[in-house]
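The following exercises are to be worked with the sequence and the model at hand. Each task is followed by a solution in steps.

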Amino acid sequence: MDYFDLHCDTIYELSGYGVYRKTRGTLRENGGQLDLARTARYAHYAQVFALFCGAAPIETEEEAHVRFTHLLQTAQNAFASCSDVLVHCRTADDFLSAEQEGKAAAFLSIEGAELLQSEADIQAAIDAGVRIVTLAWNHRSRYGCGAASDNDAGLTEAGIRLVQRLSAHGIFPDVSHLSERGFWDLMECCSAPVLATHSNSRAVCPHLRNLTDAQFTAIVQRGGLVGINLYVPFLTRKKHADVSDILRHIEHFCALGGEENLCIGADWDGCDRLPDGIGDVTGMERLAEALARHGYSDTQIRNLMYDNAKRFVTANF
Ligand SMILES: [Zn+2]
């Protein structure tokens with residue numbers, strides 16, 4: 001099967017900043033939830049690799065610069081050392097040739113715009129081929145407010161300017177982690193398609209990190225994408241989740257007309273609690289099997305697992 005995933009924190013773990021990984025390793029092979037040895041089972045595989053700002057608040061511009069530079073260097077080194085099986089993609093053409101060669105297609109995103117504080121670092125992200133930026137992580141930053149801080153505070157003037165600057169360079173805004181007010185500020189100041197790379201349905205699981213029906217519908221109307229997140233607290237309020245909990249979010253979003261806007265943003269290496277039966281990136285096969293058992297057609301499964309994200313990339317990147 002083919003698999004296109006919108007969000008993982010594997011680079012953060014490889015950078016040495018990580019918190020979860022017990023066995024360190026490389027992008028090719030490691031003890032975490034995702035490596036290229038395991039994704040080789042997928043006939044075609046594409047992954048958006050996030051440069052995550054980190055859970056500790058960034059205090060100074062210099063600190064942001066040091067973190068951003070180290071994360072970018074980690075990603076570039078990891079991609080270069082796997083160039084026999086992986087291509088760093090910036091454009092639709094890069095993606096299509098990686099697909100044709102049967103290599104993994106890797107894109108770069110930034111999780112937490114507070115990582116980009118100086119003009120030089122914003123320019124470095126553009127030059128490095130970053131294509132997606134989450135505007136806030138959970139904290140309040142100079143650009144706006146995260147979902148865990150205050151849902152009534154939105155984007156700042158600087159945040160609006162950043163969105164417009166990035167949009168002019170073909171970099172798409174990611175609303176995962178953004179406050180609800182920030183989401184609607186963004187919809188007002190930017191006309192581009194919007195992504196929520198790793199967020200679920202708040203109607204199914206009432207967590208601040210999940211999307212309301214109105215938010216999801218607005219993303220669909222823009223031709224955007226939403227990636228289903230496998231972190232247990234975003235799937236259910238129960239202690240444990242299984243595949244049926246993932247299916248409930250997919251069903252709900254499909255019922256809202258999002259069948260062609262839905263994909264996976266599993267959050268590999270960014271979450272320590274996954275649904276039973278899904279221990280790592282190989283578990284997507286189990287999700288596809290469950291969807292087939294529940295009557296989803298081959299086309300519907302392909303759309304969710306790969307084609308919807310592929311269509312977005314080929315139309316927009
Ligand atoms: Zn995240």
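**Exercise 1. A residue in a loop**

Task: Is aspartate 269 buried or exposed, given its relative accessibility?

Solution. The model is a predicted one. The relative accessibility of aspartate 269 is 6%. Buried means under 20% relative accessible area, so aspartate 269 counts as buried. As to its place, aspartate 269 belongs to the loop between β9 (262-264) and α11 (284-293). Its backbone calls for a further remark. Most residues other than glycine have a negative phi. Aspartate 269, although not a glycine, has a positive phi of about 65 degrees.

**Exercise 2. The zinc site**

Task: Identify the residues that coordinate the zinc ion, and state where glutamate 111 and histidine 177 lie.

Solution. First, list the donors: Glu111 through OE, His177 through NE2 and His198 through NE2, at 1.9 to 2.2 Å from the zinc ion. Second, read their order along the chain, which gives the spacing E-x65-H-x20-H. Third, assign the elements. Glutamate 111 is in strand β4 (residues 104-111), while histidine 177 is in the loop between β6 (172-174) and α7 (180-189); the pair therefore ties together parts that are 66 residues apart in sequence. Fourth, consider accessibility. Glutamate 111 has a relative accessibility of 2% and so counts as buried; histidine 177, at 6%, also counts as buried. Finally, inspect the backbone of histidine 177: its phi is positive, about 80 degrees, although the residue is not a glycine.

**Exercise 3. Packing of two helices**

Task: Describe how helix α4 and helix α12 pack, in terms of angle and axis distance, and name the residues that make the contact.

Solution. Two packed helices are described by the angle between their axes and the distance between the axes. For α4 (residues 92-101) and α12 (residues 298-316), the angle is about 140 degrees and the axes are 8 Å apart. Angles over 145 degrees would count as roughly antiparallel; α4 is therefore oblique to α12. On the α4 side, the contact is made by Ala92, Phe95, Leu96 and Glu99, and on the α12 side by Tyr306, Lys310, Val313 and Thr314. These contact residues comprise 5 nonpolar, 1 polar and 2 charged.

The two helices are also joined by a salt bridge between the side chains of lysine 310 and glutamate 99, at 3.1 Å from N to O. Since lysine 310 lies in helix α12 and glutamate 99 in helix α4, this pair ties together parts that are 211 residues apart in sequence. Lysine 310, at 24% relative accessibility, counts as partly exposed, whereas glutamate 99, at 14%, counts as buried.

**Exercise 4. Further salt bridges**

Task: How many salt bridges does the structure hold, and which residue pairs with aspartate 245?

Solution. Side chains of opposite charge can pair when their charged atoms come close. The structure holds 15 salt bridges. In one of them, aspartate 245 is joined to arginine 248, with the closest N and O atoms 2.7 Å apart. Both residues lie in helix α10 (residues 243-255), 3 residues apart, which is about one turn of the helix. Aspartate 245 is buried at 1% relative accessibility, while arginine 248 is partly exposed at 37%.

A further salt bridge links arginine 302 to aspartate 307, the closest N and O atoms being 2.9 Å apart. Arginine 302 is partly exposed, with a relative accessible area of 36%. Through shared partners, salt bridges join Asp2, Arg302 and Asp307 into one network.

How values were computed:
Residues are numbered from 1 along each chain as its sequence is written. This is a predicted model: local features need pLDDT of at least 70, side-chain atom pairs count only at pLDDT 80 or more; totals for chains, interfaces and linings use all residues. Side-chain values use heavy atoms; hydrogens and water are left out. Axes are lines fitted to C-alpha atoms, for helices over the stretch in contact, and angles run from 0 to 180 degrees between N-to-C directions. Helices (H or I, at least four residues) and strands (E, at least two) are DSSP runs, numbered from the N terminus. Angles under 35 degrees count as roughly parallel, over 145 as roughly antiparallel, 65 to 115 as roughly perpendicular and the rest as oblique. Contact means heavy atoms within 4.5 Å. Ala, Val, Leu, Ile, Met, Phe, Trp, Tyr, Cys and Pro count as nonpolar, Asp, Glu, Lys and Arg as charged, and the others, Gly among them, as polar. Donors are N, O and S atoms within 2.8 Å of the metal (3.2 Å for Na, K and Ca); water is not among the atoms, so sites may look incomplete. Buried means under 20% relative accessible area, exposed over 50%, partly exposed in between (1.4 Å probe, protein chains only). A salt bridge is a side-chain nitrogen of Lys or Arg within 4 Å of a carboxyl oxygen of Asp or Glu.
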